[in-house]
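Please read the following walk-through alongside the coordinates, keeping in mind that the model is predicted.

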Amino acid sequence: MAGRVRRQKFLDEGLVQALLAATDGELLARRDRALLGLIYAGGLRVGEVARLDIDRILWGDEGVVVLGKKWRPRFVPIALVVLEWVADYLDDRMAGPVFLADHGGPMSPRLIRKVVDKYARKAASPKISPHTLRHSCASHMLVHGMYLPDLSRFLGHKRLATTTVYLHEVPKKEGMGEQYRACHPLAGSEA
């Protein structure tokens, strides 16, 4: 099987919304909605979420500073609505890990995977992982026009080639021909 490219799966935007809505009425709804929202909105790795401390939330800058691979810090912008979910979950807590398990300690990557799996089942989604939400974020951002090098930095990839795995996922956008003719210097030229 050498040379075979493994296709990553991603969720369509409607399924992501269903996954977030599946938290409604649950005992830990505030925590879990904030958790799922943060993974998806920031395209975060499971370890980055598990290690996230409250003091790394930059409320005024609408983002978080995560510790990525090899503990490299990076700023990740987060949608304001998701930061509001996080603030609602945190209530008055001002320090420590953002996401807590029932025992009061930080959520482990394993527990985070279980939470994602729980809501995937509830939303009648295919089996997914936190990485599926990360992949969905990246694919959706490409579809909506994010420039690949910017997406690479956003995801914390050291090499642009790592980000190209998301390119095969991008469906054809309506009006692509018109955009091409409007943007490419040779597209309007006569032969």
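A useful place to begin is the packing of two helices: helix 2, spanning residues 29–42, and helix 6, spanning residues 130–143, pack with their axes 7 Å apart and at an angle of about 45°. Because angles under 35 degrees count as roughly parallel and those from 65 to 115 as roughly perpendicular, that value makes helix 2 oblique to helix 6. The crossing of these two helices, helix 2 and helix 6, is right-handed. On the side of helix 2, the residues that make the contact are Leu36, Ile39, Tyr40, Ala41 and Gly42, and they meet Pro130, Leu133, Arg134, Ser136, Cys137 and His140 of helix 6. Sorted by class, the contact of helix 2 with helix 6 comprises seven nonpolar residues, three polar ones and one charged one.

The sheet comes next. Three strands, in the order 1-2-3, form an open sheet whose pairing is antiparallel. Strand 1 (57–58) and strand 3 (73–77) are at the edges and each has a single partner strand, so one side of each lacks a neighbour in the sheet. Between strand 2 (residues 63–67) and strand 3, which run antiparallel, there are five bridges; Leu67, for instance, has Pro73 in strand 3 as its bridge partner.

Finally, turning to the aromatic rings, the count comes to one aromatic pair. Tyr89 and Phe99 form this pair, which is stacked, with 5.7 Å centre to centre and 15° between the planes. The pair links distant parts of the chain, since Tyr89 lies in helix 4 (residues 80–90) whereas Phe99, 10 residues apart from Tyr89, lies in the loop between helix 4 and helix 5 (109–122).

How values were computed:
Residues are numbered from 1 along each chain as its sequence is written. This is a predicted model: local features need pLDDT of at least 70, side-chain atom pairs count only at pLDDT 80 or more; totals for chains, interfaces and linings use all residues. Side-chain values use heavy atoms; hydrogens and water are left out. Axes are lines fitted to C-alpha atoms, for helices over the stretch in contact, and angles run from 0 to 180 degrees between N-to-C directions. Helices (H or I, at least four residues) and strands (E, at least two) are DSSP runs, numbered from the N terminus. Angles under 35 degrees count as roughly parallel, over 145 as roughly antiparallel, 65 to 115 as roughly perpendicular and the rest as oblique. A crossing is left-handed if the near helix is turned anticlockwise from the far one by less than a right angle, and right-handed if clockwise. Contact means heavy atoms within 4.5 Å. Ala, Val, Leu, Ile, Met, Phe, Trp, Tyr, Cys and Pro count as nonpolar, Asp, Glu, Lys and Arg as charged, and the others, Gly among them, as polar. Two strands pair if DSSP finds at least two bridges between them. Rings of Phe, Tyr and Trp (its six-membered ring) pair if their centres lie within 6.5 Å; planes under 30 degrees apart count as stacked, over 60 as edge-to-face and the rest as tilted.
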